[in-house]
Amino acid sequence: MIGVGIVLGAAGAWAYFSGHKENQIQFLTTQITRGDFVSKVQATGTLEPEELVDVGAQVTGEIKEFGTDLQGKRVDYGSEVKAGQLLARIDDTLVELNIKRAEAQVAQAQAQILSAEASLAQAKASITQSTANKNRADRDMQRAKNLGVGIALSQMDYDQYMNAAESAAAALEGAQAQLRTAEAQQASAQAQLQSAQAQLESELRNRDYTRITTPVDGTIVVRQVNVGQTVVSSMNATTLFLVARDLTHMQIWSSVNEADIAKVTPGQEVRYTVDALPNETFTGKVNKIRPNATMSSNVVTYIVEIDIENPDRKLLPYMSANANFIIEEIKDCLMVADSAFDFHPKPNLVASPPAPPAEGATLIWKVVGDKVQPVQVIRGQGDGTRSIITPVEEAALTEHDRIATGVISAAAGKSSSKPSGENNLFGMKRPERRQRSTGGAEAKSGQPARGGARPGGPPPM
C-alpha cells in the first residue's frame, strides 16, 4: 500500500508540474498602430541654386582690387550684392593708352573730313566758274557761226571762238573730275572716322570690362581670384565669381533609379531632410525630369529637379538631401508588422476556432490572456515592414491591441513563429519532422534569443 501510494503520488506530482509547465506559454507580439501610411520613392540629391550666374572677364590684366558688398565689406564668399555693383577691377593702364590712340585716330579722321569738305567746296566753285565760262564761249561760238567767215569775221577770229568754246568745255570736265575726287576723299575720311570711332568705342568697352560687376542681385557662392592674380582672356570668358540669383528659391537635383522613375511626375509632393537639420522635414515639388540618363556600375539613374522654398535661408547650396517622393498617403489607418501574417498557432493555443474566411481576408491572431483569438482582416498596401489592415468586423481590433508573431514555451525553452502543416488550421497535415531551433531568430532587433534547448535533446538545466 505504501509503495502504491508513493507511485501514485509521484505520478500526480509529475502530471501537475508537467501541466503547469505546459501552461507557461509566452507570445512574441507586435502592436496594432494607427497613423498615416505613406507610399514613397526614396532618393538622395544635392541642393542647388535655382539660377547660378557665371561672372567672367573678357580682358587680360591683373586684378587690382575687389569691390564692396551691401554691408560695405570686401566682396567674398557669401557676400550680398546688387545688380551693377563692382566686384573687382582689372588693371586698365593698357586700355587707357589704347583709348588715347583711338581718340587721336578719330581726331585725324575728322581733320581729313574737313579737308575733304574744303576740296569738295572748291571743286563745286570751280564747276560753277567753268560752267559760266563754257556758256559764254558757247554763245560766242554760236554768233561766230551765224556770221560765218567773211568780211565781218576773219578765219582767225572764228578759230579763236572755237578754241575758247573747246577750252571752256575741257575746263568744266576737269572741274567735275575734281568734284568727284573731293567726294571720294570725303567718303574715305568719313569711313576712317567711323573706323576710328568704332575702335574708340571698343576700347571704351574694354575699359568697362576692366570693371567686373554683377548683372543680377544675389549672393556670391564662389570667388575664384585674388588681388594680384593675372586674368588671361581666351575664347571662353574666365570665370571669376559665381552669383546665386536668389537663395530663397532653390532646387534639389535628385538621382532616381530607373526602376522608380515612372512613379515620379511633375508637380508631385516631395518631403526631404538634410543632415545639418535632421529633426526638420521640408517639402517641395517636382519641377521636371531630365531625360538624359546616367549609368554608374550598370545602374541607370535620372536627375529629377525639385523646387524648394528657403525663406529663412537655413538651407545652403550643395547640402545633401534625403528626398521622399510621395506616391500616395492614407490618413488615420490601422497598421501591423508584416511578421503578424506569418504566425500560425497550434490548436491548443487558440481561444476559439476561426470562422470561415471572408473573400480576400487573411488571419492575424490577437493575444487574449494565454490564448490567441483569430481576427479576419483585409491586407492593404505595405512598405516592406508593415501593412495597412482593415478588420472584417470593425470592432474586432482596436489601436494598441497585441498581435502574436510567435510563441515561446517556457517548458521547452523554445520559440516558433514559422508556419507548418500541423500549426496551420486550414492547411494539410504534414508528418512530424525534427526542426532546428531558431535560436530566437524571430525576436525583434536587439532582443536576445530565448531558450537554448535543442529539439530532441535534454531539457535545459
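## Salt bridges: worked exercises

Asp36, Glu269, Arg271, Glu329 and Lys331 form one linked network of salt bridges. The model is predicted. The exercises below start from single pairs.

**Exercise 1.** Find the salt-bridge partner of Arg34 and place both residues in the chain.

*Solution.*
- Step 1. The partner is Asp332, and the closest N and O atoms are 3.4 Å apart.
- Step 2. The cut-off for a salt bridge is 4 Å, so the pair qualifies.
- Step 3. Arg34 sits in strand E2 (residues 33-49), and Asp332 sits in strand E15 (residues 320-337).
- Step 4. The pair links distant parts of the chain, 298 residues apart.
- Step 5. Arg34 has a relative accessible area of 38%, so Arg34 is classed as partly exposed.

**Exercise 2.** Work out which parts of the chain the pair Arg223 and Asp76 ties together, then classify each residue as buried or partly exposed.

*Solution.*
- Step 1. Arg223 and Asp76 form a salt bridge, with 3.0 Å between the closest N and O atoms.
- Step 2. Arg223 is in strand E8 (residues 218-223). Asp76 is in the loop between strand E4 (61-66) and strand E5 (80-81).
- Step 3. The pair therefore ties together parts that are 147 residues apart in sequence.
- Step 4. Buried means under 20% relative accessible area. Arg223 has 13%, so Arg223 is buried.
- Step 5. Asp76 has 26%, so Asp76 is partly exposed.

**Exercise 3.** Repeat the analysis for Glu305 and Arg290.

*Solution.*
- Step 1. The closest N and O atoms of this salt bridge are 2.8 Å apart.
- Step 2. Glu305 belongs to strand E14 (residues 299-309) and Arg290 to strand E13 (residues 277-296), so the bridge ties together parts 15 residues apart in sequence.
- Step 3. Glu305 is buried, at 7% relative accessible area.
- Step 4. Arg290 is partly exposed, at 23% relative accessibility.

**Exercise 4.** State how many salt bridges the rule gives.

*Solution.*
- Step 1. Recall the principle: side chains of opposite charge can pair when their charged atoms come close.
- Step 2. Apply the 4 Å cut-off. The count comes to 18 salt bridges.

**Exercise 5.** Locate Thr29, decide whether Thr29 is buried or exposed, and describe its side-chain contact with Arg402.

*Solution.*
- Step 1. Thr29 is part of strand E1 (residues 25-31).
- Step 2. The relative accessible area of Thr29 is 18%, so Thr29 is buried.
- Step 3. The side chains of Thr29 and Arg402 are joined by a polar contact of 2.9 Å.

Notes: Residues are numbered from 1 along each chain as its sequence is written. This is a predicted model: local features need pLDDT of at least 70, side-chain atom pairs count only at pLDDT 80 or more; totals for chains, interfaces and linings use all residues. Side-chain values use heavy atoms; hydrogens and water are left out. A salt bridge is a side-chain nitrogen of Lys or Arg within 4 Å of a carboxyl oxygen of Asp or Glu. Helices (H or I, at least four residues) and strands (E, at least two) are DSSP runs, numbered from the N terminus. Buried means under 20% relative accessible area, exposed over 50%, partly exposed in between (1.4 Å probe, protein chains only). A polar contact is a pair of N or O atoms within 3.5 Å; within protein, one must be able to donate a hydrogen and the other to accept it, and residues adjacent in sequence count only if both atoms are side-chain atoms.
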